[in-house]
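The exercises below ask the reader to work through one structure in stages, from its broad layout to the surroundings of its ligand. Each task is followed by a solution that goes step by step.

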Amino acid sequence: MEYAVYLETAAVLARQAGKIIKDKFGGQFEKGYKSCPSDLVTEVDRASEALIINILRQKFPGHGIIGEESSGNAAIAQGGYAWCIDPLDGTTNFVYGIPFCSVSIGLIHNGEAVAGVVYDPLRDECFSAALGCGSFLNGGPIRVDATRKKLSEALLVTGYPENKSYSGLLRRVDYHKMAHSCSNLRALGSAALELAYIACGRLTGFWENPLMPWDVAAGSVLVREAGGKVTDIEGGKLRLERYLSITASNGLIHEELLQALL
Ligand code: IPD
Ligand code: CA
Ligand code: CA
Ligand code: CA
């Protein structure tokens, strides 16, 4: 219960930031890139992050803040509270006009993700969860898909890093083998929203390697609180550090998914 009090602020901020994204979607905006030409960033990413961080600083002056666009190199604080923000998850989709992106605001306490909100501004879907309190979509409880018990029945989702030089960090997953081991495979382009879709049962399993803490801080809480399982790609504890790996699922297919990823 302790962490649920933070959800209201996170949800209000996610909706305000989401409005910036919605208003600019399909229109004109400044864009550029960061580490390489496919690692896109826009004025909208920056405006969304500035809005969220300004309010969090005022409301919780003692909390740490890790935001993709302003503190991308910061380490996750080990002690105390820290907010972990992806102001626009799915920038590539946004730039190409594909309506699948989100705002992700996670709360970390003593190194563990304890609460989070993932908001899809183009569908007005707000996913939220806090440790011990369950997962919700627009206020109604959600659960992972308990009907698909085998990997062969699963709809899986994954993603690829924008910067191909990160591929040296990747576990070499055989995508052909993965696609053949499940019912079907997707790459929708917003890791945070993909985790939210696992939480509400629209997708069965997810892996990606590497990702950053702000991609998964909120979504991992959504999945766990909806009855699913989250680990790293080897089945160990999810570590909220740079270039993390993640496997998330409805729980029922988790071992089979981990085996297939070997
Ligand atoms: C990206 C998205 C995408 C994932 C990439 C991430 P961004 O985040 O989550 O789904 O495949 O690895 O970098 O840059 O759009 O916030
Ligand atoms: Ca990015
Ligand atoms: Ca992201
Ligand atoms: Ca982002």
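Domain bounds, as used here, come from an automatic or database domain assignment. The model is a predicted one, in which local features need pLDDT of at least 70 and side-chain atom pairs count only at pLDDT 80 or more, while totals for chains, interfaces and linings use all residues. Residues are numbered from 1 along each chain as its sequence is written, and chains are lettered from A and ligands numbered from 1 in the order in which they are written.

**Exercise 1. Find the domains of the chain and describe how they meet.**

Step 1. The assignment gives domain 1 (4-142) and domain 2 (151-261), and the C-alpha centres of domain 1 and domain 2 are 19 Å apart.

Step 2. Counting two residues as in contact if their C-beta atoms, placed from the backbone, lie within 7 Å, one finds that 38 residues of domain 1 touch 25 residues of domain 2.

Step 3. To name the elements involved, note that helices (H or I, at least four residues) and strands (E, at least two) are DSSP runs, numbered from the N terminus. On the side of domain 1 that touches domain 2, at least two residues each come from strand 4, helix 3, strand 5 (102-109), strand 6 (112-120), strand 7 and strand 8, and strand 6 gives the largest share, with seven residues.

Step 4. For the chemical classes, Ala, Val, Leu, Ile, Met, Phe, Trp, Tyr, Cys and Pro count as nonpolar, Asp, Glu, Lys and Arg as charged, and the others, Gly among them, as polar. This side of domain 1 then divides into 21 nonpolar, twelve polar and five charged residues.

**Exercise 2. Trace the open sheet of seven strands and follow its pairing from strand 6 to strand 9.**

Step 1. Two strands pair if DSSP finds at least two bridges between them; on that basis the strand order is 3-4-5-6-7-8-9, with mixed pairing. Strand 3 (64-67) and strand 9 are the edge strands, each pairing on one side only.

Step 2. Axes are lines fitted to C-alpha atoms, for helices over the stretch in contact, and angles run from 0 to 180 degrees between N-to-C directions. Neighbouring strands of this sheet are turned against each other by 20° on average, direction ignored.

Step 3. Strand 6 and strand 7 run antiparallel and are joined by six bridges, with V117 having S128 as its bridge partner in strand 7. Residue S128 also stands opposite F136 in strand 8, within the antiparallel pairing of strand 7 (residues 125-130) and strand 8 (residues 134-137), which extends over four bridges. Residue F136 in turn stands opposite P141 in strand 9, where three bridges join strand 8 to the antiparallel strand 9 (residues 140-142).

Step 4. Turning to the hairpins, the one formed by strand 7 and strand 8 has three residues between the strands, and G132 there takes a positive phi near 80°. The hairpin of strand 8 and strand 9 has two residues between them, and N138 in its turn has a positive phi of about 50°.

Step 5. Helix 1 (residues 7-24) lies across strand 4, strand 5, strand 6 and strand 7, and runs at about 35° to strand 6.

**Exercise 3. Describe the open sheet of five strands and the helices that lie on it.**

Step 1. The order is 11-10-12-14-13, with mixed pairing, and the edge strands, each pairing on one side only, are strand 11 (184-186) and strand 13 (229-231). Its neighbouring strands are turned by 15° against each other on average, direction ignored.

Step 2. Strand 10 (residues 155-157) pairs with strand 12 in the parallel sense over two bridges, and L156 stands opposite G205 in strand 12.

Step 3. Helix 6 (residues 213-225) packs on the sheet and touches strand 12, strand 13 and strand 14 (244-249), its direction making about 25° with that of strand 14. Helix 7 (residues 254-261) lies across strand 12, strand 13 and strand 14, and runs at about 140° to strand 14.

**Exercise 4. Describe the shell around ligand 1 and compare it with the sites annotated in UniProt.**

Step 1. A residue is near a molecule or strand if its C-beta atom, placed from the backbone, lies within 6 Å of it. Of the 15 residues around ligand 1, those that come nearest are D89, T91, G159, G189 and A191, and the elements giving two or more residues to the shell are strand 4 (81-89), helix 3 (91-96) and strand 12 (205-211).

Step 2. The shell contains four nonpolar, six polar and five charged residues, and draws at least three residues from each of domain 1 and domain 2.

Step 3. In the unreviewed UniProt entry, the annotation "binding site" covers E68, D86, L88, D89 and D215; UniProt positions are given in the numbering used here, feature names are shortened, and annotations may be inferred rather than shown by experiment. These residues span 148 residues in sequence, yet no two of their C-alpha atoms are more than 9.8 Å apart, so they gather at one spot.
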